[in-house]
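I opened the model to look up its nonpolar packing and one histidine. My notes follow.

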Amino acid sequence: MGALQSLHGRPEYLDLAEKTGFSFEQIRVLHERFKQLSHNEETLRRSHFNEIPDLACNPIRAQIIEAFFDRRNYHQNGEGTVEEIGFEEFLVVMSHFRPPSLHMTEEQRENVRREKLRFVFNMHDTDNDGTITLEEYRHVVEELLSRSGALEKETAKSIADAAMLEVASISMGHMEPDEFYEGITFEHFLKLLDGFEIESRMNIRFLNMDTSTLCK
Amino acid sequence: MELFFNPFDNLVCILLGISFTVWFTMLLVFIIVPAIFGVSFGIRRLYMKTLLKVFEWATLRIERGAKEKNHHLYKPYSNAIIAKEPTSLEQEINEIRRSGSNRDLDSAPEFEMSDIFYFARRGVESIMDDEVTKRFSAEELESWNLLTRSNNNFHYISLRLTVLWGLGLLIRYGFLLPLRVTLAFTGVGLLVFLTCVIGLLPNGRMKNYLSEKVHLMCYRICVRALTAIITYHDSENKPKNGGLCVANHTSPIDVIILASDGCYAMVGQIHGGLMGVIQRSMVKACPHIWFERSEVKDRHLVAKRLSDHIEDKTKLPILIFPEGTCINNTSVMMFKKGSFEIGATVYPVAIKYDPRFGDAFWNSSKFGMVNYLLCMMSSWAIVCSVWYLPPMSREEGEDAVQFANRVKAAIARQGGLVDLLWDGGLKRGKVKDTFKEEQQKLYSKMLVGTQEDRSRS
């Protein structure tokens, strides 16, 4: 129930702002949100995410929730999953959806793009071996499609297979009959999505956040 | 025997005696007697106006203090923090696909890898901000009302403001709280005692008349015990016998607020302890509907008892809160359809609290009942507005759910609250999987549609 607050007592936000690129105001708002979701505890668990009704509507909610607990998304070259996360990890994962700032060099833009695509890649690659196998890909497709009867199982399977074949043919060119397609590596993934403009698709715009300047 | 009463002690005793007498006389004259007769001296409204002026001054001081130190004050954003795209699933996915420059839309495969961006973004958007979760925590205020519980920041409070806050603390805990607790005990005690007495009378008009008077009087004392300043609108629509009164629910105080202006039959589960004593004595004077814990699950039994009560036109209108749980008074959530199935005339009532004086929302996961009541009694006041809406009945061809939604929309509109379709039970439970399947169905239909188009061409 904060009425009028200031950043005077929050030096840790400076650190987070540098790491994630969010403004102080956005960090403050997200911190309130974190506290709301975790019921004022220090850490968030998967069960807390499961309580959000809007998220329950989303077909790939399991993957999205896993993304928060996946250490590959923390930018620290870690691996594996954790059981609970603090505010810093929450913010770092959210920063993948940060709106792009206006003044960015080409290189920075490329980095941002790689980051976002890496996030999506990690979402597919659940066993963390660096490639998206046919099984993993099919699993994601099936999640998106309906299991409740609008599509038959066979149709869903064939759509997934067709998609995978398409991907294989693009990245490998012509395949020999007994060649085994291991899966999509991150480089292939980048190439596949080369033309798509994802910077604007994968970011969330904040409302009315005037990033005002504090006294220096 | 020594004289151990020296003159000083004597004086103190006399003074104490006089002040107690004065205190109780004032209590009687200014509070209890008006409560009995249902009149008001207007003291509370004067108090409210004074408080408002003080709060405005306090807010200005804080803002000025912040400006002097050249820091920027951030007001809370209680509405949406992110801009959600109003585009539909299909539109957005097609847009993403089209942006792949080296793809021709006609030869696009049925499933695109890029489709996942849409769902990922929507998912993270829900995590950042969703309509439902924020309804279950208290509303944030724009100005400071001198209560520590609604201000986290002490950096900008000048000396003058601190003094004022200290004075406020003294007044609230030293004067108002004991006064209110006394009144509360008086009100409840009188209720229990007098209803037991009335219960001894034979059933008839005299009993009903007396019971009405007693209930009203005791609830009015309780209203004063909370320093509740209530404005009733459209009293010509007040619920009549044989009807069902339906209202939005913010706190257990809602009952006291409504029952001090009219007589209702309450519905609820029998509790143990003090609550149970009150319930049992109330039912002696006039018929309320109390259920045993085991009976609550039996929906048919509940419906039958409600409709039996309704059919008897001599019995009072039933008061029900269909949301089933306390919501923080910024929105109205799904009404449970049970009470709308029994076919009675429904009298909707909208209750809106003014959060500037004290937050009436009961967050039952954070505070227990006693804690909550203490909080209420040590706030400045509870200010609220009650609107009696014109009666509604179920129309031809309308089922219970549609009727419930129609009533809910009317209440939300009148009270200036957001009308939500979500279930208040989400405060404690999870969303069903059927919602996820809806989205999946939508997406699959889109894909299958593309396939059909292609096979046709």
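I looked up the largest nonpolar core (buried Ala, Val, Leu, Ile, Met, Phe, Trp, Tyr and Cys residues joined through side-chain atoms within 4.5 Å) in this predicted model. It has 58 residues, and A:Phe49, A:Phe68, A:Phe90, A:Met94, A:Phe189 and B:Ile127 touch the most other members. Helix 4 of chain B (residues 115-128) gives the most to this core, 8 residues; helices are DSSP runs, H or I, of at least four residues, and strands are E runs of at least two, numbered from the N terminus. From chain A, domain 1 (13-96) and domain 2 (103-208) each supply at least three residues, with bounds from an automatic or database domain assignment.

I listed the contacts (heavy atoms within 4.5 Å) of A:Phe49, leaving aside neighbours within four places in sequence: A:Leu44, A:Leu55, A:Ile65, A:Phe68, A:Phe69, A:Phe90 and B:Ile127.

I then checked helix 6 of chain A (residues 87-94), where 6 of 8 residues are buried (under 20% relative accessible area, 1.4 Å probe, protein chains only). They are A:Phe87, A:Phe90, A:Leu91, A:Val92, A:Val93 and A:Met94.

Next I looked up B:His249, in the loop between strand 3 (243-247) and helix 7 (253-259) of chain B. B:His249 is buried, at 13% relative accessible area. Its side chain makes a polar contact with that of B:Asp254 at 3.0 Å; the cut-off is N or O atoms within 3.5 Å, one able to donate a hydrogen and the other to accept it, and residues adjacent in sequence count only if both atoms are side-chain atoms.

For the record, residues are numbered from 1 along each chain, and chains are lettered from A in the order written. Local features need pLDDT of at least 70 and side-chain atom pairs 80 or more, totals use all residues, and side-chain values use heavy atoms without hydrogens or water.

Technical notes: Buried < 20%, exposed > 50% of the residue type's maximum accessible area, 1.4 Å probe, protein only.
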